[in-house]
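Biologist: I would like to take a close look at one part of this chain and understand how it is held among its surroundings. Could you walk me through it slowly, in a way that a first-year student can follow?

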Amino acid sequence: MNRCFFTLTERLLPRALVAALLASTLNSIPALAQSVSRQFPAQSQRAQMQVLVPPNIVLDDKPERLAPGARILGPNNLLQLSASLVGQSLPVNYLREHGGLISRVWILSPQEASQSASAAAPRTNIIFESTASQVKPDDGQTPFKQLPKYPLR
């Protein structure tokens with residue numbers, strides 16, 4: 001007695017459609033990731049970095065040291081180990097911690113390295129209380145007491 005009510009094609013067709021949709025979506029993800037530009041903190045500085053013996057590095061011909069737990073992010077924004085970069089000279093943006101050690105490093109792609117450091121500064125339209133002093137104060141000419149465009153019912 002055959003208790004199978006579905007044929008083989010009725011079982012495999014939905015799975016094949018889902019697999020095809022997933023494959024087409026996964027193929028478009030790298031193209032999306034390439035168009036996204038990274039924004040770096042305003043305090044970040046640009047230099048040429050060379051890793052000697054970790055945690056010792058050279059930034060623009062000056063000996064420096066990486067902080068314990070320092071993060072080095074590659075051009076694809078993935079974590080890089082400092083030991084894998086020994087001997088390479090790379091354009092980077094970096095941040096110092098309060099003790100003077102290098103805490104975060106971003107290895108720049110060729111496109112990012114060709115831009116000026118100010119072009120990679122963060123852009124936002126959000127005003128925080130700490131940046132409110134940089135915003136022009138109200139000059140009194142703004143009409144706050146206007147009638148609404150559409151009458152309320």
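**The hairpin and its surroundings**

Modeller: Let us start with the hairpin formed by strands S5 and S6, which has 5 residues between the two strands and, in its turn, Gly-100 with a positive phi of about 95°. Please keep in mind that this is a predicted model, and that the values I give are computed from it. The two strands of the hairpin run antiparallel and are joined by 5 bridges, and one of the pairings you can look for is that of Arg-96 with Ile-102, its bridge partner in S6.

If we now follow strand S6, which spans residues 102-107, we find that it is mostly covered, since 5 of its 6 residues are buried. S5 is one partner of S6, and strand S3, residues 62-73, pairs with S6 as well, this time in the parallel sense and over 4 bridges. Here Ile-102 turns up again, because Leu-66 stands opposite Ile-102 in S6, while Arg-96 is a bridge partner of that residue from the hairpin. As a general point for reading such a picture, the side chains in a regular strand alternate between the two faces of the sheet.

Arg-96 deserves a second look, for its side chain meets that of Glu-64 in a salt bridge, with 3.0 Å from N to O. Arg-96 lies in strand S5 and Glu-64 in strand S3, so this pair ties together parts that are 32 residues apart in sequence. Arg-96 itself has a relative accessible area of 36% and is therefore partly exposed.

Leu-66 leads us to another place, the loop between strand S4 (79-80) and strand S5 (89-96), where Ser-82 lies. Leaving aside its neighbours within four places in sequence, Ser-82 is in contact with Val-51, Pro-54, Leu-66 and Ile-72. Its relative accessibility is 19%, and because buried means under 20%, Ser-82 counts as buried.

By the rule used here the chain has 2 salt bridges, and the one we have not yet visited joins the side chains of Glu-112 and Arg-38, at 2.7 Å from N to O. Glu-112 sits in helix H2 (residues 110-114) and Arg-38 in the loop between helix H1 (8-35) and strand S1 (45-51), so that distant parts of the chain, 74 residues apart, are linked by the pair. Glu-112 counts as buried because its relative accessibility is 11%, and Arg-38 likewise counts as buried, at 12%.

The loop between H1 and S1 also holds Ala-42, which is exposed, with a relative accessible area of 63%. The C-alpha atom of Ala-42 is separated by 9.0 Å from that of Ala-117, although the two residues are 75 residues apart along the chain.

Finally, we can step back and place the hairpin in the whole. The chain has 2 helices and 6 strands, and read along the sequence it follows the pattern α-β-β-β-β-β-β-α. Among contacts with a separation of 6 or more, 61% are between residues 24 or more positions apart. Of the 153 residues in the chain, 20% are buried, and the accessible surface comes to about 12500 Å², of which 59% belongs to carbon and sulfur atoms.

How values were computed: Residues are numbered from 1 along each chain as its sequence is written. This is a predicted model: local features need pLDDT of at least 70, side-chain atom pairs count only at pLDDT 80 or more; totals for chains, interfaces and linings use all residues. Side-chain values use heavy atoms; hydrogens and water are left out. Buried means under 20% relative accessible area, exposed over 50%, partly exposed in between (1.4 Å probe, protein chains only). Contact means heavy atoms within 4.5 Å. Two strands pair if DSSP finds at least two bridges between them. A salt bridge is a side-chain nitrogen of Lys or Arg within 4 Å of a carboxyl oxygen of Asp or Glu. Accessible areas come from the Shrake-Rupley method with a 1.4 Å probe; for residues, only the protein chains shown count as cover.
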